[in-house]
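Please give a short briefing on this structure for someone who has not seen it before. Group the points by topic and keep them plain.

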Amino acid sequence: MPDRPFVIAGGGIGGLAAALSLARKGYPSIVLEQSAKLGEIGAGIQIAPNAFHSFDYLGVGDEARSRAVFIDKLRLMDAVSGEEITHIPLDEPFRERFGNPYAVVHRADLHDVLLDACRSNDLVEFRTSHGVTGYEQDGTEVTVFVRDRDPVRGRALIGADGLRSSVRAQLVADGEPRVSGHTPYRSVIPTQQMPEDLRWNAATLWAGPRCHIVHYPLKGWKVFNLVVTYHNDAPEAVAGKPVDKSEVRQGFEHIHPRARQIIEHGDNWKLWVLCDREPIANWHEGRVVLLGDAAHPMLQYFAQGACMALEDAVSLGHNLEAAGGDVESAFAAYCRQRVPRTTRVQLESRLIGEYIYHPDGAAAILRNSIMSGRSVEEYYFRLSWLYGGSGIDSPVQSRLNVPGG
Ligand SMILES: Cc1cc2nc3c(=O)[nH]c(=O)nc-3n(C[C@H](O)[C@H](O)[C@H](O)COP(=O)(O)OP(=O)(O)OC[C@H]3O[C@@H](n4cnc5c(N)ncnc54)[C@H](O)[C@@H]3O)c2cc1C
């Protein structure tokens, strides 16, 4: 049954990238999305060179680059002193080194790039208002159960249904995600509303004790994306709840006024409580496999969750082609290729949160000493394992013979 479609649960960045990757190898798919409309909520997202390598592989690199703002640097500020600790230049030598830029882009724009490419490909079919509840499989096909609808049959099932994946719930059965207790508040403001002396062409991180602030320009500099995070041990997962400014101010009394004022400039703040999961060694069983946040949900401190979902999609298409369409061996090869890399990003994201974003006292002094003492070359070298990859290989890594940063 060579033409039987793959069924993809979830039409987020990961699910659409998977559909596109399969289509480019000649495989049809049906994307089942629980929402009535395909789209992305939220605001900005940072996109590293490895994600652009993936976009290039999927044939939409130019479209993705055309929606992005190319920032000059990643800037690390001490939120207590108000001083810069260090910055990593993202100019031509960076782009040449990693073969692509580092950029910031609106999530909806990124999703649109993938959606447009999928819509113009006859091999991708969409079904909205289709919430996947579970599946059954035999040796030849998968039956996917959908809330209040007839089941959908396909050659295999790809669970790209995010942090609370119902496919993962059945495949791995590892319960609820781990609540981190870190609470980001997000706002998008017109550029004129951003203090003039902070209108930097940078992804800026103000790192303070148990809190941090991130800002960068978006949408051709029309708006600024603000994310203000407080490690307040929030006990429950929350996504996108509107909150008053007075709530956002709590936990930032101890930081420098230059950083704190950013809260006053934000509007329409919304709250999330971040979750991740413990990495797992295997994401597939027979003809069912996980991808993106369903497989490896991570804290946002490396700004790599969507980048990893894109890489997964590249790897999946590549391994299916390499296995001549033999689903089970392709899924096994995909997991072998992806698990070490995504596990590293999941675990390092936690460490970065603790030791770079939120340390206090002596640990903060140590951070400043180490981070300010590193040369640009050292930063590039240390990031090679991550930014040099595309999901199927690490060209920069192999060129430089970097064992892993
Ligand atoms: C504050 C914050 C900042 C971030 N910043 C960055 C960043 O700068 N760079 C970066 O790369 N990543 C970042 N991320 C991570 C990134 O947003 C995610 O990793 C990425 O969106 C995951 O994509 P996904 O398609 O796997 O999952 P999702 O985006 O969660 O998409 C899942 C889709 O599946 C649908 N769905 C869910 N359940 C079902 C079901 N049962 N049946 C059918 N459909 C279903 C959902 O409606 C959704 O459309 C950030 C995350 C957060 C929280």
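Strand 20 is joined to strand 21 (residues 288-290) by 2 bridges, and the two run antiparallel. His284 is the residue that stands opposite Val289 in strand 21. This is a predicted model, in which local features need pLDDT of at least 70, side-chain atom pairs count only at pLDDT 80 or more, and totals for chains, interfaces and linings use all residues. Residues are numbered from 1 along each chain as its sequence is written, and side-chain values use heavy atoms, with hydrogens and water left out.

**The sheet of 6 strands**

- Strands 20 and 21 belong to an open sheet of 6 strands with mixed pairing, in the order 7-2-1-11-21-20.
- Its edge strands, each pairing on one side only, are strand 7 (124-127) and strand 20 (284-285).
- Helix 1 packs on this sheet and touches strand 1 (6-9), strand 2 (29-32), strand 7 and strand 11 (156-159).
- The direction of helix 1 makes about 165 degrees with that of strand 1.
- Contact here means heavy atoms within 4.5 Å, and angles run from 0 to 180 degrees between N-to-C directions, with axes fitted to C-alpha atoms.
- Helices (H or I, at least four residues) and strands (E, at least two) are DSSP runs numbered from the N terminus, and two strands pair if DSSP finds at least two bridges between them.

**The sheet of 8 strands**

- Another open sheet has 8 strands in the order 5-4-14-15-16-13-18-17, again with mixed pairing.
- Strand 5 (84-89) and strand 17 (238-242) are the edge strands of this sheet.
- From one strand to the next, the twist averages 15 degrees.
- Strand 17 runs antiparallel to strand 18 (residues 270-273), with 4 bridges between them, and Val238 stands opposite Val273.
- Helix 10 (residues 327-357) lies across strand 4 (73-78), strand 14 (202-208) and strand 15 (211-218), at about 70 degrees to strand 14.

**The ligand**

- The ligand has 30 residues around it, and Gly14, Glu33, Gln46, Val132 and Asp293 come nearest; a residue counts if one of its heavy atoms lies within 4 Å.
- An N or O atom in the Glu33 side chain is 2.6 Å from a ligand oxygen atom.
- A backbone N or O atom of Gln46 is 2.8 Å from an oxygen atom of the ligand.
- A polar side-chain atom of Ser166 lies 3.3 Å from a ligand nitrogen atom.
- Helix 9 gives the most to the shell around the ligand, with 3 residues.

How values were computed
Polar contact = N/O pair within 3.5 Å; in protein donor to acceptor, adjacent residues only side chain to side chain.
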